[in-house]
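Reader: I'd like a close look at one part of this chain, the stretch around the strands and the loop that follows them. Could you walk me through that part and then tie it to the rest?

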Amino acid sequence: MSYVVHYCKNKKCNNAWLDKDLTHVKTFPPTWKYCEDCCKELGLDFNKQKPGDDVSEEEKMRREKLKH
Ligand SMILES: [Zn+2]
């Protein structure tokens, strides 16, 4: 399991932290997760966030194509 710097999904929050690289990101730091502070504020479970929760249909189709 590799690790990568994540940026908080909350655009107003500038938190960044080292976390598991679940999406095998190559260039941009992933921004699909809220930091622990924002999770607390939003009532989310930090550890239950999954990549793809906020992925648009367009992005899903693009990823689907890459698999083939
Ligand atoms: Zn945050």
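Author: Going from the N terminus, the order of elements is β-β-α-α, so to speak a short list: two strands and two helices make up the count for the chain. Keep in mind that this is a predicted model. The mean pLDDT of the chain is 87, with 91% of the residues at 70 or more.

Let's start with the strands. Strand 1 covers residues 3-7, and it pairs with strand 2 in the antiparallel sense, over five bridges. If you want one rung of that ladder to click on, take Y7, whose bridge partner in strand 2 is A16. Is strand 2 buried or in the open? Zero of its five residues are buried, so strand 2 lies largely in the open. That goes along with the picture for the whole chain, where buried residues make up 6% of the 68 residues. As a general point, side chains in a regular strand alternate between the two faces of the sheet.

Now the loop. Strand 2 (16-20) and helix 1 (36-42) are joined by a loop, and H24 has its place there. The backbone of H24 is worth a click: its phi is near 50°, a positive value in a residue that isn't glycine. H24 counts as exposed because it has 9 C-beta neighbours inside 10 Å, and the cut-off for exposed is 12 or fewer.

P29 is found in that loop too, between strand 2 and helix 1. What does P29 touch, once its neighbours within four places in sequence are left aside? The contacts are V4, V5, H6 and Y7, and strand 1 is residues 3-7, so you can follow the loop back to the strand by way of P29. Just past that strand, C8 has its C-alpha atom 9.8 Å from the one in P29, with the two positions 21 residues apart along the chain. Even with those contacts, P29 is exposed, because 12 other C-beta atoms lie within 10 Å.

From the loop you run into helix 1, where C38 is found. C38 reaches back towards the N-terminal part as well: not counting residues up to four places away in sequence, C38 touches C8, N10 and C13. So how exposed is C38? C38 is partly exposed, because it has 17 other C-beta atoms within 10 Å. For a sense of distance, pick T27: it is eleven residues from C38 along the chain, and the two C-alpha atoms are separated by 24 Å. On confidence, helix 1 has the highest mean pLDDT among the elements, 97, while helix 2 (residues 57-67) has the lowest, 76.

That brings us to helix 2, where K60 lies. K60 counts as exposed because it has 11 C-beta neighbours inside 10 Å. Set against D19, K60 is 41 residues apart in sequence and 23 Å apart in space, C-alpha to C-alpha. L66 lies in helix 2 as well, and L66 is exposed because it has 7 other C-beta atoms within 10 Å. The C-alpha atoms of L66 and C35 are separated by 29 Å, with the two residues 31 apart along the chain.

To put the part back into the whole: the C-alpha atoms of the chain fill a box of roughly 40 × 25 × 20 Å along the principal axes. Of the contacts with a separation of 6 or more, 31% are between residues 24 or more positions apart.

Key: Residues numbered from 1 in each chain as written. Predicted model: local features only at pLDDT ≥ 70, side-chain atom pairs only at ≥ 80, totals over all residues. Helix = DSSP H or I, 4+ residues; strand = E, 2+ residues; numbered from the N terminus. Buried ≥ 20, exposed ≤ 12 C-beta atoms within 10 Å, placed from the backbone. Contact = placed C-beta atoms within 7 Å. pLDDT = per-residue confidence, 0-100. Pairing = 2+ DSSP bridges.
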